[in-house]
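Thanks for coming, everyone. Let me put the structure up, and then we'll walk through it.

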Amino acid sequence: MLLPHHGFTILSTENPKVPIENSSKYRNLLTNIYLLPNKASAFFHISQIMRIFVNPIPILFYVRMRIDIISVVPEMLDGFINTSIVGRAQKKGLVEIHIHNLRDYSKDKHRRVDDYPFGGFAGMVMQCQPIDDCIAALTAERDYDEIIFTSPDGEKFDQPMANTLSLKKNIIILCGHYKGIDYRIREHLITKEVSIGDYVLTGGELAAAVMCDALVRLVPGVISDEQSALSDSFQDNLLAAPVYTRPANYKGWTVPDILLSGHEAKIKEWEITQALERTKRLRPDLLETKE
Ligand code: ADE
């Protein structure tokens with residue numbers, strides 16, 4: 001859903017009058033783009049937007065997304081968070097990603113964070129204490145919207161979930177390792193369990209990286225052409241239409257004539273038809289679940 005520009009001067013999460021929960025919902029308004037996770041939430045969001053428009057007092061607003069990742073192999077994530085679009089988003093001050101080495105919270109003299117499972121099962125299990133202490137240290141500093149655990153048995157990560165999470169202000173991602181984590185952490189501290197697919201990775205770091213990438217690119221200002229996030233595959237449950245660039249004829253491989261016609265309305269119609277055709281052919285399941 002694309003909203004027209006209304007030029008309001010907007011908010012600060014530091015402003016105690018604007019609850020964090022609400023202000024984070026407005027983040028995407030800054031660039032006039034509002035990704036609605038589903039139709040049901042549309043009315044709520046629109047009513048929130050109207051509330052801003054009718055507010056006669058301009059509020060200053062600046063919302064920065066913060067992601068804290070807890071890992072036993074932080075080296076795996078260092079390169080990823082400091083390069084590419086995610087690195088640039090941080091340099092621009094749009095996103096903060098902090099990596100925490102779980103071993104720093106171990107009370108063991110060898111900095112161990114795992115132990116044998118009760119019941120004589122195979123593998124090692126991550127212990128409660130280091131995880132609990134690390135999460136407690138973070139939550140003592142600020143409120144978190146979600147404390148996510150990456151696990152193959154979690155809820156499947158997809159574009160609607162990325163849209164929803166990108167509207168949050170602070171999230172923690174705890175990367176699983178070994179045979180898993182002590183189940184009591186999942187019962188008492190974790191608010192959401194997320195899987196990036198039906199396969200088992202050696203640890204949750206790649207899953208955390210996938211999630212960060214998908215979330216960060218939705219934060220306004222991170223990718224140069226904001227609209228391109230809206231025309232991505234999976235937004236609106238459709239695969240994206242094909243794209244082409246110069247030259248129009250490469251080795252006899254030509255570009256569809258319509259794209260060279262300059263006829264905006266017909267090009268838009270072509271784009272929709274292509275998106276529908278590709279979705280029907282390649283991912284018919286997406287159309288079945290379409291609201
Ligand atoms: N950890 C191991 N496998 C995983 C998966 N498929 N998704 C998320 N976290 C995981």
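Which ligand atom does a backbone N or O atom of leucine 201 lie 2.9 Å from? A nitrogen atom of the ligand. Before going on, keep in mind that this is a predicted model.

Leucine 201 is one part of the picture. A backbone N or O atom of isoleucine 196 also lies 3.0 Å from a nitrogen atom of the ligand. Then take tyrosine 199. A polar backbone atom of tyrosine 199 is 2.7 Å from a ligand nitrogen. So how much of the ligand does the protein bury? On its own, the ligand exposes 260 Å². The protein buries 96% of that.

Now the elements behind this shell. Two of them give two or more residues each: strand E5, residues 146-156, and strand E7, residues 192-195. E5 gives the most, with 3 residues.

Here are the names. From the lower numbers, the residues around the ligand include Thr150, Ser151 and Pro152. Further along come Val194, Ser195, Ile196 and Gly197, also among them. Tyr199, Val200, Leu201, Gly203 and Ala207 are part of the shell too.

What is the make-up of that shell by class? It has 7 nonpolar and 5 polar residues. Charged residues: none.

Next topic, one acidic residue. Aspartate 132 lies in helix H5, which covers residues 128-141. Is aspartate 132 buried or exposed? Partly exposed, because its relative accessible area is 36%, and that falls between the 20% and 50% cut-offs. What does aspartate 132 touch, once its neighbours within four places in sequence are set aside? Ile185 and Leu189. There is also a distance to note. The C-alpha atoms of aspartate 132 and tyrosine 105 are separated by 9.0 Å. Along the chain, those two are 27 residues apart.

Last topic, the aromatics. How many aromatic pairs does the structure hold? The count is 1. The partners are tyrosine 250 and tryptophan 253, and the pair is edge-to-face. Centre to centre, the rings are 5.4 Å apart. The angle between the planes is 70°. Why edge-to-face? Because planes over 60 degrees apart count that way.

How accessible are the two partners? Tyrosine 250 has 43% relative accessibility, so tyrosine 250 counts as partly exposed. Tryptophan 253 has 57%, so tryptophan 253 counts as exposed. The cut-off for exposed is over 50%.

To close, back to the ligand: the protein buries 96% of the 260 Å² that the ligand exposes when taken alone. Happy to take questions.

Technical notes. Residues are numbered from 1 along each chain as its sequence is written. This is a predicted model: local features need pLDDT of at least 70, side-chain atom pairs count only at pLDDT 80 or more; totals for chains, interfaces and linings use all residues. Side-chain values use heavy atoms; hydrogens and water are left out. A residue is near a molecule or strand if one of its heavy atoms lies within 4 Å of it. A polar contact is a pair of N or O atoms within 3.5 Å; within protein, one must be able to donate a hydrogen and the other to accept it, and residues adjacent in sequence count only if both atoms are side-chain atoms. Accessible areas come from the Shrake-Rupley method with a 1.4 Å probe; for residues, only the protein chains shown count as cover. Helices (H or I, at least four residues) and strands (E, at least two) are DSSP runs, numbered from the N terminus. Ala, Val, Leu, Ile, Met, Phe, Trp, Tyr, Cys and Pro count as nonpolar, Asp, Glu, Lys and Arg as charged, and the others, Gly among them, as polar. Buried means under 20% relative accessible area, exposed over 50%, partly exposed in between (1.4 Å probe, protein chains only). Contact means heavy atoms within 4.5 Å. Rings of Phe, Tyr and Trp (its six-membered ring) pair if their centres lie within 6.5 Å; planes under 30 degrees apart count as stacked, over 60 as edge-to-face and the rest as tilted.
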